[in-house]
Amino acid sequence: MSVRRPVAWIVAVVLFVEAVGVAALNWFLGIVVDRQDMSLAGLDPDTMSVSSKIGGIVFGLYFALCALVALLVALRDRPPAGLGRILLVSAAVVHGLLGAFTWGLVGPGAFVFMIVVLALIVLLLMTYDAREAPAAGPRPEGGDGGKGGDGSPVSSPPAPTTP
């Protein structure tokens, strides 16, 4: 049994949950800043509140789009291509960076979560790459690619002709 489709399903579910979680967390932080009515280095509290909410929506949509790509990979059982592949690679990079930051800021539990998601995304990308690896043409009966035992071609190349 192949692990490609289950991994794609897991990545899709995890990224959808993460999208909702990131959006909800930033929205909550925006509400907290708004209710505290405190300033940070002279910044307007309303500006900080609104920017936190906007950032949460933007990152939530980003992770939801990445989850949609993983969902399409799971449904079609084909590797991501073009923009979808770029989105998944960028999500892997984001999770690597967030994992590095979360160790010191949040703790080892959040670090492990980020690295597990990173590993799942990389596994999704790698398993579909391995699927496309077989050679394009049929192999000769010898199984050595048409080469002799010493690595030299079996037949010599044609002799050059002069005009």
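This is a short walk through the model above, one selection at a time. Keep in mind that you are looking at a predicted model.

**The whole chain**

Start with everything shown as cartoon. You should find 4 helices and 0 strands, and from the N terminus on the order simply reads α-α-α-α. Now switch on the surface: the accessible area comes to about 10,700 Å², and 71% of that belongs to carbon and sulfur atoms. Of the 163 residues, 26% count as buried. If you like contact maps, look at pairs at least 6 apart in sequence: 67% of those contacts join residues at least 24 apart.

**Helix α1**

Next, select residues 4-36, which make up α1. How far apart are its end C-alpha atoms? They sit 47 Å apart, and since 33 residues at 1.5 Å a residue should span 48 Å, the two values agree.

Keep α1 selected and colour its buried residues: Arg4, Val7, Ala8, Val11, Ala12, Leu15, Glu18, Ala19 and Gly30. Note that Arg4 and Glu18 are on that list. Then step just past the helix to aspartate 37, where phi turns positive, at about 55°.

**The nonpolar patch**

Go back to the surface and pick Trp9, Phe16, Leu65, Leu68, Leu72 and Leu75; together they make a nonpolar patch of about 510 Å². Which helices supply it? Both α1 and α2 (45-76) contribute at least two residues each, with α2 giving the largest share, 4 residues.

Zoom in on one of the patch members, leucine 72, in helix α2. Is leucine 72 buried or partly exposed? Its relative accessible area is 34%, so leucine 72 is partly exposed; the patch takes residues with over 30%.

**Threonine 127**

For the last stop, jump to helix α4, residues 108-131, and select threonine 127. Threonine 127 has a relative accessibility of 14%, and because the cut-off for buried is under 20%, it counts as buried.

Show sticks here. What does the side chain of threonine 127 reach? Look for the backbone oxygen of leucine 124, at 3.2 Å. Leaving aside residues up to four places away in sequence, threonine 127 also touches Val3 and Arg4. Arg4 is a residue you have already coloured, as one of the buried residues of α1, so that contact takes you from α4 back to where the helix tour began.

How values were computed:
Residues numbered from 1 in each chain as written. Predicted model: local features only at pLDDT ≥ 70, side-chain atom pairs only at ≥ 80, totals over all residues. Heavy atoms only, no water. Patch = residues over 30% accessible without salt bridge, like charges linked within 9 Å, V, L, I, M, F, W, Y side chains within 5 Å. Areas by Shrake-Rupley, 256 points an atom, 1.4 Å probe, with all protein chains shown as cover. Salt bridge = Lys/Arg side-chain N within 4 Å of Asp/Glu carboxyl O. Buried < 20%, exposed > 50% of the residue type's maximum accessible area, 1.4 Å probe, protein only. Polar contact = N/O pair within 3.5 Å; in protein donor to acceptor, adjacent residues only side chain to side chain. Contact = heavy atoms within 4.5 Å. Expected span 1.5 Å × (residues − 1).
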